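Please look over the structure below with its helices in mind. This report covers how they pack, what lies in the cores and which loop residues stand out.

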Amino acid sequence: NGTTAIEVALRALAERGGTCLMPAFTFIATAHAVLKAGLRPVLVDVDAGSMMLTPAIAREAIATLAEPPAAVVPVSAFGAPPDIQGWEAFQRETGIAVVHDAAAAATSIGTVGTAPVCLSLHATKVLGIGEGGAILTQDAGLAGRMTAITGFGFMGHE
């Protein structure tokens, strides 16, 4: 499902035991995925206009932490399109992994970068099939690692 998609992406990208920045304004499943991936959630405020965590807010929050987080999970509030370009730049500048929780944003995504974009296919979503999740990325190596995580380490040709 969408929660598992976030967990898998975090497991593929972030070192267990670290922290993960995430917006305080989100559904509990986001924090659950962070915990299941072995990270500690650090809740931060959101932009008052978009109701979303922005790269600028994340940079400000990181400056207050003792050590950089292992990952950041921005959430697409109300199905809004994720700021793929802004977060790709953030990831390049900081070296911190970004995993997009775009659970309800399947039909508003205009582009995909290397940072995984995690979708929910739950019946309550605009692209609902009853249950399920999907992870979109242009990073073939990351896609392979995530496939191995979901397939007990097998890549389908062993």
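## Helix 2 and its neighbours

The buried residues of helix 2 pack against four elements: helix 1, strand 1, strand 2 (40-44) and strand 5 (100-101). Those buried residues are Ala29, Thr30, Ala31, Ala33 and Val34. The model is a predicted one. Just after helix 2 comes glycine 38, with a positive phi near 85 degrees.

## Helix 1 against helix 2

Two packed helices are described by the angle between their axes and the distance between the axes. Helix 1 (residues 2-13) and helix 2 (residues 28-36) have axes that come within 8 Å. Their axes cross at roughly 35 degrees, and the crossing is right-handed.

Helix 1 brings Thr3, Ile6, Glu7, Leu10 and Arg11 to this contact. Helix 2 brings Ala29, His32, Ala33, Val34 and Lys36. By class, the contact of helix 1 with helix 2 has five nonpolar, two polar and three charged residues. Ala29, Ala33 and Val34 of helix 2, which take part in the contact, are also among the buried residues of that helix.

## Helix 1 against helix 5

Helix 1 also packs with helix 5, here at an angle of about 115 degrees. The axes of helix 1 and helix 5 lie 9 Å apart. This crossing, too, is right-handed.

On the helix 1 side, the contact is made by Val8, Ala9, Arg11, Ala12 and Leu13. On the helix 5 side, the residues are Leu142, Arg145, Met146, Ile149 and Thr150. The contact of helix 1 with helix 5 divides into seven nonpolar, one polar and two charged residues. Arg11 takes part here and in the contact with helix 2.

## The nonpolar cores

Which residues have the most contacts inside the largest nonpolar core? They are Leu10, Cys20, Val34 and Val99, in a core of 21 residues. Helix 1, strand 1 (19-23), helix 2 and helix 5 (140-150) each give two or more residues to this core. Helix 1 gives the most, with six residues.

Leucine 10 shows how the chain comes together here. Leaving aside neighbours within four places in sequence, leucine 10 is in contact with Cys20, Ala33, Val34, Ala37, Leu39, Ala71, Val73 and Val99. Another core, of 13 residues, lies apart from the largest one. Among its residues are Val44, Phe90, Val98 and Ala115.

## Helix 3 against helix 4

Helix 3 (residues 55-62) and helix 4 (residues 84-94) have axes that come within 10 Å and cross at roughly 30 degrees. Helix 3 and helix 4 are therefore roughly parallel to each other; angles under 35 degrees count as such.

Pro55, Ala58, Arg59 and Ile62 of helix 3 meet Gly86, Trp87, Phe90 and Glu93 of helix 4. The contact of helix 3 with helix 4 has five nonpolar, one polar and two charged residues. Phe90 of this contact is also a member of the 13-residue core.

## Loop residues to look at

Methionine 51 sits in the loop between strand 2 and helix 3. Methionine 51 is not a glycine, yet its phi is positive, about 65 degrees. Its relative accessibility is 28%, so methionine 51 counts as partly exposed. Phenylalanine 78, in the loop between strand 3 and helix 4, also has a positive phi, near 55 degrees. Phenylalanine 78 is exposed, at 73% relative accessible area.

Glutamate 67 is in the loop between helix 3 and strand 3 (71-72). Glutamate 67 is exposed, with a relative accessible area of 51%. Its C-alpha atom is 19 Å from that of arginine 11, and the two lie 56 residues apart along the chain.

Definitions and conventions. Residues numbered from 1 in each chain as written. Predicted model: local features only at pLDDT ≥ 70, side-chain atom pairs only at ≥ 80, totals over all residues. Heavy atoms only, no water. Axes fitted to C-alpha atoms, helices over the stretch in contact; angles between N-to-C directions. Parallel < 35°, antiparallel > 145°, perpendicular 65-115°, else oblique. Contact = heavy atoms within 4.5 Å. Nonpolar A, V, L, I, M, F, W, Y, C, P; charged D, E, K, R; others polar. Left-handed = near helix turned anticlockwise from the far one by under 90°. Core = buried A, V, L, I, M, F, W, Y, C linked by side-chain atoms within 4.5 Å. Buried < 20%, exposed > 50% of the residue type's maximum accessible area, 1.4 Å probe, protein only.
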